[in-house]
Amino acid sequence: MILHNPSTKRFTAKNEWQETHFSFSFGPYYDEENIQFGPLRVLNDDIVKPNKGFGIHPHRDAEIVSIVLKGQLKHEDNLGNVGTLQYGNVQRMTAGTGVLHSEVNPTEAEDTHFLQLWILPNQKQLTPSYEDITFDPDKLRNELLPVVSHNAGGNVAMIHQDVTLYLSKLDAEKEIQFQQEEGRKIYVFVIEGEVSLNGDVTLQRRDDARITDLHSLTIHAKKDAFILLIDLPGGEG
């Protein structure tokens, strides 16, 4: 089954320095029917103004992934990690027993666009840790490139859950196949462009699809497209 959620269904919150679109219940948005999809608990689509951001704040028992789409994102935490991310970087933080961190746009004139995902870990009370990786954008072209996985290696960040996050940039009229074991779930988020799934469902910019009971997926680009695909275990949500 493919459940299509258009971008217009997302809840949006704005203030003088930030705009966030929520794909799942989070913060000011609550919907008991939209808490999570498998262990995927949060996908926030954030725009942060220059010299603004999220001050020091706590997290625990979550795997937090940040994918910068445009601009820069500076991370600092109480583990001593400091880093500035841009397009081509993916960050993974294990909050575990507890971590304090901040995320700000350090630039003077450019908005920062990034996706932040929270994934529930496969066990609680993990030791907090941080990692960022750099991927080659050319390797996204008409391929699914893993950037975060429990089977980490090379330029793939490690995560404490049986999931893999892929990015892909598809040229118009190109398609890719994704095969998955039975009993698992697939989440597709269209960052840019327009795609069809198995010729049945069309997703446009910032739409998502939550896929169950279907282990073979054909993704066809109706126009140039940039997508995030997550291979998830079955189970709750």
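I began with the lining of the largest pocket and noted that strand 19 gives the largest share of it, three residues. I should record at once that I am working from a predicted model.

**The largest pocket**

I looked up how much space this pocket holds and found about 370 Å³. Its lining is made of 23 residues, and I wrote down Leu-3, Asn-5, Glu-33, Asn-34 and Arg-210 as the closest to the centre. I then checked which strands take part, and both strand 1, residues 2–5, and strand 19, residues 208–212, supply at least two residues of the lining. Sorting the lining residues by character, I have nine charged, seven polar and seven nonpolar in my list.

**The second largest pocket**

For the second largest pocket I noted about 230 Å³ of space, with a lining of 15 residues, among which Gln-18, Phe-26, Asn-44, Asp-46 and Phe-54 lie nearest the centre. I found that at least two lining residues come from each of strand 2 (11–14), strand 3 (18–22), strand 4 (40–48), strand 5 (53–59) and strand 11 (112–119). Here my sorting gave seven polar residues, five nonpolar and three charged.

**The seven-stranded sheet**

Next I traced an open sheet of seven strands, whose order I wrote down as 2-3-4-11-6-9-12, with antiparallel pairing. Which strands stand at the edges? They are strand 2 and strand 12, the latter covering residues 129–134, and each has a single partner strand, so one side of each has no neighbour in the sheet. I also noted that the twist from one strand to the next averages 20 degrees.

Within this sheet I looked at one pair in detail, strand 6 (residues 63–70) and strand 11, which run antiparallel and are joined by seven bridges. As an example I picked Lys-70, whose bridge partner in strand 11 is His-113.

**Trp-17**

I turned last to Trp-17, which I located in the loop between strand 2 and strand 3. Is Trp-17 buried or exposed? Its relative accessible area is 17%, and because buried means under 20%, I entered Trp-17 as buried. Leaving aside the neighbours within four places in sequence, I listed its contacts as Ile-47, Val-48, Lys-49, Lys-52, Gly-53 and Phe-54. Phe-54 had already come up in my notes, as one of the residues nearest the centre of the second largest pocket. Finally, I compared Trp-17 with Ile-133, which is 116 residues apart from Trp-17 in sequence, and read a C-alpha to C-alpha separation of 27 Å in space.

Technical notes: Residues numbered from 1 in each chain as written. Predicted model: local features only at pLDDT ≥ 70, side-chain atom pairs only at ≥ 80, totals over all residues. Heavy atoms only, no water. 1 Å grid on protein atoms, 1.4 Å probe; cavity = no way out; pocket = protein on both sides within 12 Å on 5 of 7 lines; lining within 4 Å. Points joined across faces, edges and corners; volume = space filled by probe spheres on them. Helix = DSSP H or I, 4+ residues; strand = E, 2+ residues; numbered from the N terminus. Nonpolar A, V, L, I, M, F, W, Y, C, P; charged D, E, K, R; others polar. Pairing = 2+ DSSP bridges. Axes fitted to C-alpha atoms, helices over the stretch in contact; angles between N-to-C directions. Buried < 20%, exposed > 50% of the residue type's maximum accessible area, 1.4 Å probe, protein only. Contact = heavy atoms within 4.5 Å.
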